[in-house]
Amino acid sequence: MKVSFVLSAIAALAAEVSAACFSERLGYPCCKGNNVVYTDNDGKWGVENNNWCGIGSNSGGSSAACWSQALGYPCCTHKNAVYTDGDGDWGVENGDWCGIIKGGSSGGSGGNGGGDATIGDQYTIEGNPFANVEFYINPYYVEEVDNAISQMSDSSLIAKAEKMKTYSNAIWLDNIKNMQSWLEPNLKGALSQQNSGGTPVLTVFVVYDLPGRDCHALASNGELLANDSDMERYKSEYIDVIEGHLKTYKSQPVVLVIEPDSLANMVTNIESTPACADSQTYYYDGHAYLLKKLGVFPNVALYLDIGHAFWLGWDDNREKAAKVYSKVIQSGSPAKVRGFVDNVANYTPWEDPTLSRGPDTEWNPCPDEKRYLEAMHKDFKAAGIQSVYFFSDSSRNGKKTDRKHPGEWCNQTGCGVGARPKASPISGMEYLDAFYWVKPIGESDGTSDTSAKRYDGYCGHETAMKPAPEAGQWFQKFFEEGSLREDHFNTCGNSGDESTICVSPFTEIKPRASTQQEGSMMKIQLRQASMATVSEGEDHNFLQIKSLYSWK
């Protein structure tokens with residue numbers, strides 16, 4: 001799972017990053033030191049790393065004030081504001097907050113620019129929280145992609161990477177320190193965007209720090225152990241702090257993804273995995289506590305993680321899951337849970353018409369996420385769960401991967417970007433709130449280094465891309481080869497034909513000129529299947545899906 005950069009507030013960093021200076025506009029960096037070796041009409045010059053560098057501002061003016069250094073943060077070398085407070089405009093650089101020097105243009109990445117962060121009246125989510133809102137752009141992912149672009153030379157690849165920055169994805173609060181550094185600044189950034197634009201701005205956070213986290217996997221184990229003292233830390237240093245910030249920022253919509261993989265492990269792995277048996281009490285108690293604390297705000301919608309189709313899709317697993325999730329929701333009463341999120345950080349396609357219940361799927365009746373959610377909706381309703389809505393992580397399931405078993409989960413080769421974030425994406429599935437990117441392409445699932453403490457065998461399998469860094473670290477090869485190659489990035493293929501309508505990553509529809517006429521026919525070409533012809537009037541959700549899979 002995601003383990004993100006830490007935004008440290010170490011003042012020493014400020015001394016390592018120089019303020020903006022005259023030489024940058026001439027194509028040279030600013031010096032870190034002050035050793036002048038040459039002076040001309042432009043200003044004072046030094047030499048560092050065998051290259052010319054500028055010292056201070058231009059010769060005709062005074063140095064811009066690096067105000068953030070006094071607060072323990074370096075100055076930015078760019079003008080991309082994430083948010084503004086009483087101190088000034090803030091950006092993100094090298095995984096750390098930085099102050100933006102006044103002067104010149106400054107704009108927020110993806111529209112998250114600084115502005116008025118005044119907290120307004122209570123916001124209340126009514127119905128689908130993803131509907132009728134703007135999606136907040138994650139500034140940390142934007143920075144990661146910018147760094148990735150700096151290592152690219154292929155102009156077509158760069159253009160596709162630039163598109164990746166324009167789509168919203170979740171911000172992971174995957175340890176206490178990251179939560180303390182990232183939660184409030186991004187709530188404030190979204191609020192500033194909301195106040196300046198007038199439209200509610202939705203931010204999605206992942207709550208992910210249970211004691212004994214990811215008990216069945218080694219690659220993403222957390223900081224807290226399954227014991228009583230760490231459980232108290234989880235409550236007081238993590239959940240209570242989140243509660244405090246959500247109570248303060250009451251005038252904007254927030255979605256929380258709750259503890260990925262945890263309850264799914266309670267369904268399938270208690271008997272087979274001692275670590276899961278040891279974590280059982282803390283998982284259940286932790287959920288009850290966080291639901292009562294975080295599930296009572298009218299502007300916050302909670303979604304419990306339900307794994308994916310090839311984890312809980314079998315009949316017996318779904319039956320047991322319905323009981324587990326019903327019990328958990330009742331334990332958090334009177335908190336409200338909006339619903340459930342599937343396929344987090346996974347690769348299972350939304351639809352795969354080439355698969356059915358049989359030996360190739362180990363007789364799984366739900367071989368794709370669409371059929372999985374259809375079945376889960378019925379099962380959870382039958383179990384008496386009141387609010388059964390879903391959103392699906394579509395960040396990395398746009399192309400059928402090379403995996404030889406659908407349970408493979410680590411850095412899978414052949415993957416592709418899936419449907420773009422969108423509310424109510426499928427006609428006829430009113431209980432599907434959204435497609436959304438929870439864990440986007442580029443961040444490693446786990447290391448392939450067999451000597452590493454957190455090495456998981458799945459990351460050494462044949463279809464796992466190698467060499468891979470630790471979970472959460474940037475994986476450049478994975479970002480480029482795994483998702484941005486031409487045949488992967490456009491999940492409809494390479495035709496470039498704007499008339500192509502995409503139903504799933506494996507379906508390509510090219511309507512004839514007469515498609516507006518009643519009863520006209522469409523040809524559907526199923527990759528890995530034969531040609532089929534169906535009536536346009538049939539309920540195949542053709543037209544509703546075009547905007548999701550077309551990257552134009």
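**Strand E15, helix H10 and a surface patch**

In this predicted model, strand E13 (residues 389-393) runs parallel to strand E15, and the two pair over four bridges. Within this pairing, phenylalanine 391 sits opposite alanine 434 of E15. Strand E15 has a second partner: strand E14 (residues 422-423) pairs with E15 in the antiparallel sense, over two bridges. Here alanine 423 has alanine 434 as its bridge partner in E15. Alanine 434 therefore turns up in both pairings, facing phenylalanine 391 and alanine 423. E15 itself, spanning residues 432-436, is mostly covered, with five of its five residues buried.

Helix H10 brings us to the surroundings of these strands. It comprises 14 residues (369-382) and reaches 20 Å from first to last C-alpha, close to the 20 Å expected at 1.5 Å a residue. Its buried residues are Glu369, Lys370, Tyr372, Leu373, Ala375, Met376, His377 and Phe380. These buried residues pack against strands E13 and E15, and also against strand E12 (339-342), helix H8 (309-312) and helix H9 (315-331). After H10 comes glycine 384, with a positive phi near 90 degrees.

Elsewhere in the chain, attention turns to the surface. Leu26, Tyr28, Val47 and Trp52 make up a nonpolar patch there, together offering about 350 Å² of accessible area. One of these residues, tyrosine 28, lies in the loop that links helix H1 (12-16) and strand E1 (38-39). Tyrosine 28 counts as partly exposed because its relative accessibility is 33%, a value in the range between the 20% limit for buried and the 50% limit for exposed residues.

Terms used
Residues numbered from 1 in each chain as written. Predicted model: local features only at pLDDT ≥ 70, side-chain atom pairs only at ≥ 80, totals over all residues. Heavy atoms only, no water. Buried < 20%, exposed > 50% of the residue type's maximum accessible area, 1.4 Å probe, protein only. Pairing = 2+ DSSP bridges. Expected span 1.5 Å × (residues − 1). Contact = heavy atoms within 4.5 Å. Patch = residues over 30% accessible without salt bridge, like charges linked within 9 Å, V, L, I, M, F, W, Y side chains within 5 Å. Areas by Shrake-Rupley, 256 points an atom, 1.4 Å probe, with all protein chains shown as cover. Salt bridge = Lys/Arg side-chain N within 4 Å of Asp/Glu carboxyl O.
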